[in-house]
Amino acid sequence: MAKKQLTPEQIAAKAEKKALRAKKNHKNLMIFLELLVVATCIFCFFTTVSINSDISKTEFVNTDNTNNSVAVNSEVQQNAANNNETSDTPSVETENQDGAFKTPEEMVEYFNTCANKVKTDATEVVKNFEKRQVGELEVPDLLQSLAETLLKENMKDDTDPIVYSTKDDIRENFLVPAQDYVSCLKAEYVETISYEDKGNEYEFYIKLKDEKDPRAGSGVGSVCDVIETHEVAEKAPSILQEFSTNYYNCEVTATIDKETGRVTHIVYSTPLTLNVVVSMLGTHTASVGFTFIKDYTVTY
């Protein structure tokens, strides 16, 4: 039986229908890939959530002329960065040479000693609150609104206090979580460190150097809770080509009782940018900024 011949009009209509179907399939595929980028980003983030703490871009202001401080000389530091130079000891400017601490090393050592008493001596730690701020989000345009909604729904603040009243609970939940230490900070990780003598107390302020992909025990991770990218990579799907974090302007503010050398109140601030690259029928990227602010009161 001879094959039915199509008229030129029928051929054109069939070709147009085929083209529309292909265009629709392509559009659906692109939407799927874009959803995949966001889903991967969110998956990577929430598989790690034991997460962080911050005070988004807080600036320590010295309003007391008797304040003692040791701060990194930013001009020298910038010149060193421009020349690709590194140093284990930060360049500093000092004020009030009669202060209790004259160098970053002295201040860091004192802070470490006091902070680490939380896990050895504290009888109760109260997490007063945790604020979670979603910053800049970059995803394919079609998903911008959806991604913003998803993140905001899943990144609400914790406003109800949480009490840790056993040694095990304090070790597992107070920073750095699941470690025997609270701080193993070194002066080389510090951008600025200062303290204010308030009579019976010191108020310490520490700003850490920016770091990509920190790990517990060094850099930002020596004193703050961080997302460890190698742990995420182990759980992530194979299409995840890259997962990285950039921590910046991370800060710790601690109140220390002078007589006992114990931390009574401490606030952690850890802003970061999370970056994801997915490889599937092309390369697709997404990034999102977060800031975590955790506030604790400590009783002995």
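Trainee: Before we get to Arg171, what does partly exposed mean here?
Mentor: A residue is called buried under 20% relative accessible area and exposed over 50%, and partly exposed describes what lies in between. Arg171 has 26% relative accessibility, so Arg171 counts as partly exposed. Keep in mind that this is a predicted model.

Trainee: Which residues does Arg171 form salt bridges with?
Mentor: Arg171 forms a salt bridge with Glu172, where the closest N and O atoms are 2.6 Å apart, and the side chain of Arg171 also meets that of Asp180 in a salt bridge, at 2.6 Å from N to O.

Trainee: And those two acids, are they buried or exposed?
Mentor: Glu172 is partly exposed, since its relative accessible area is 40%, whereas Asp180, with a relative accessible area of 58%, is exposed.

Trainee: Which residues do salt bridges with shared partners join into one network?
Mentor: Lys127, Glu130, Arg132 and Asp158 are the residues joined in that way.

Trainee: Changing topic, how many salt bridges does the structure hold?
Mentor: The structure holds 10 of them, and one that deserves a look is the pair Arg262 and Asp121, whose closest N and O atoms are 3.7 Å apart.

Trainee: Where do Arg262 and Asp121 sit in the chain?
Mentor: Arg262 belongs to strand S10, which covers residues 262–279, and Asp121 belongs to helix H3, which covers residues 104–121, so that the pair, 141 residues apart, links distant parts of the chain.

Trainee: How accessible are Arg262 and Asp121?
Mentor: Arg262 is at 27% relative accessibility and therefore counts as partly exposed, and Asp121, at 30%, counts as partly exposed as well.

Methods: Residues numbered from 1 in each chain as written. Predicted model: local features only at pLDDT ≥ 70, side-chain atom pairs only at ≥ 80, totals over all residues. Heavy atoms only, no water. Salt bridge = Lys/Arg side-chain N within 4 Å of Asp/Glu carboxyl O. Helix = DSSP H or I, 4+ residues; strand = E, 2+ residues; numbered from the N terminus. Buried < 20%, exposed > 50% of the residue type's maximum accessible area, 1.4 Å probe, protein only.
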